[in-house]
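Colleague: I am new to this structure and would like to go through it with you. Please show it to me before we start.

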Amino acid sequence: MSYALLSLPSCGTDWVAYAISHAHPELNYYREFFQPLWNFRFYDELSSEWGCEMYGTVANLARPIHLRDRARLNNIRQITWCRTNHRFTKEVFSAFLADFFFDHFQCFILYRDPRMCFPPNRIRIYAWYSAMFNSLVMNRVSIRMPLRDVVDFAIAHARTPQEVCLAAHHVYFYQLCFAASQRQSLLYTAARPKLTFLDYGELTTRDHSSLVEYLQSRLPVSFNPEAIAAQLIATRQQDRINRNPQYAADWEHAWQLADSLHSNFPLPLISDEAHV
């Protein structure tokens, strides 16, 4: 069995993945295996379908799954991932390839509220979300409903770098959650493991016993929730939000767009019955 932690950039995946890999070294964790920049060994194969902020791959970030050749995606998996002994990875640029991961990995999705992500404390985060937003513009006409409405709204209203970050954050999480919700009816078949959500806020605030219980209901049964909880608590850090007053002023208007996106297009979530 292979496992994948799915999320977006700067949402705490390194912290969570490290805790899991520390508790389960046998999984031989590889950080973002399918992201071309993190895997030069298979760069040519991966960059043909997967994307990042690098020139030549940006269009792949939001290319819809219905335009992909699933047999080709699986073939790339066979000649890359399956030729290694890795069993766990995390992906932050693969929201539009969620179905691929649902097909071949036992997945858990990490959600982080935008107010726990932004304003960022690293300039590079703007580049990541700008690339994601640009890919939405490039692929807009091919994106199907209901996501197309979200994309159209985001493109029409995002003007500043701050608004672009928040718009991309919402649209890509919407896509990831929508893809997961579409799989809900399949989650109970014997061939497919359940799909679960983790909330970053819960991971940072619960005490040990409560966190163990939370993880136990959401992580694969083969995982050790006690060891993972202990590692998460031991490595908790203060958030990396940039609290410079000037940044706060620059972001004030952008939060209005984030609120509009959230109220007009709430994230489709899998029901509690499916992920508890």
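**Confidence and layout**

Colleague: Over residues 270-276, what value does pLDDT stay under?

Modeller: This is a predicted model, in which local features need pLDDT of at least 70, side-chain atom pairs count only at pLDDT 80 or more, and totals for chains, interfaces and linings use all residues. Residues are numbered from 1 along each chain as its sequence is written, and side-chain values use heavy atoms, with hydrogens and water left out. For residues 270-276 the model has 22 contacts (heavy atoms within 4.5 Å) beyond four places in sequence. The pLDDT, the predictor's confidence in each residue from 0 to 100, stays there under 50.

Colleague: Where in the chain is confidence highest?

Modeller: The chain has a mean pLDDT of 91, and 91% of its residues reach 70 or more. Helices (H or I, at least four residues) and strands (E, at least two) are DSSP runs, numbered from the N terminus. Confidence is lowest in helix H12 (residues 272-275), at a mean of 39, and highest, at 98, in strand S3 (residues 88-91).

Colleague: Which strands stand at the edges of the sheet?

Modeller: The sheet is open, with 5 strands in the order S2-S3-S1-S4-S5 and parallel pairing; two strands pair if DSSP finds at least two bridges between them. Each edge strand has a single partner strand, so one side of it is left without a neighbour in the sheet. The edge strands are S2 (30-31) and S5 (196-199).

Colleague: Which residue in S3 stands opposite Arg31?

Modeller: S2 and S3 pair in the parallel sense, over 2 bridges. Opposite Arg31, in S3, stands Lys90.

Colleague: What angle does the direction of helix H7 make with that of S4?

Modeller: Helix H7 (residues 161-182) packs on the sheet and touches S1, S4 and S5. Axes are lines fitted to C-alpha atoms, for helices over the stretch in contact, and angles run from 0 to 180 degrees between N-to-C directions. The angle between H7 and S4 is about 145°.

Colleague: Which residues does Met138 touch?

Modeller: Met138 is placed in helix H5 (residues 123-139). From Met138 to Arg159 there are 21 residues in sequence and 16 Å in space, C-alpha to C-alpha. Not counting residues up to four places away in sequence, Met138 touches Val58 and Ala59.
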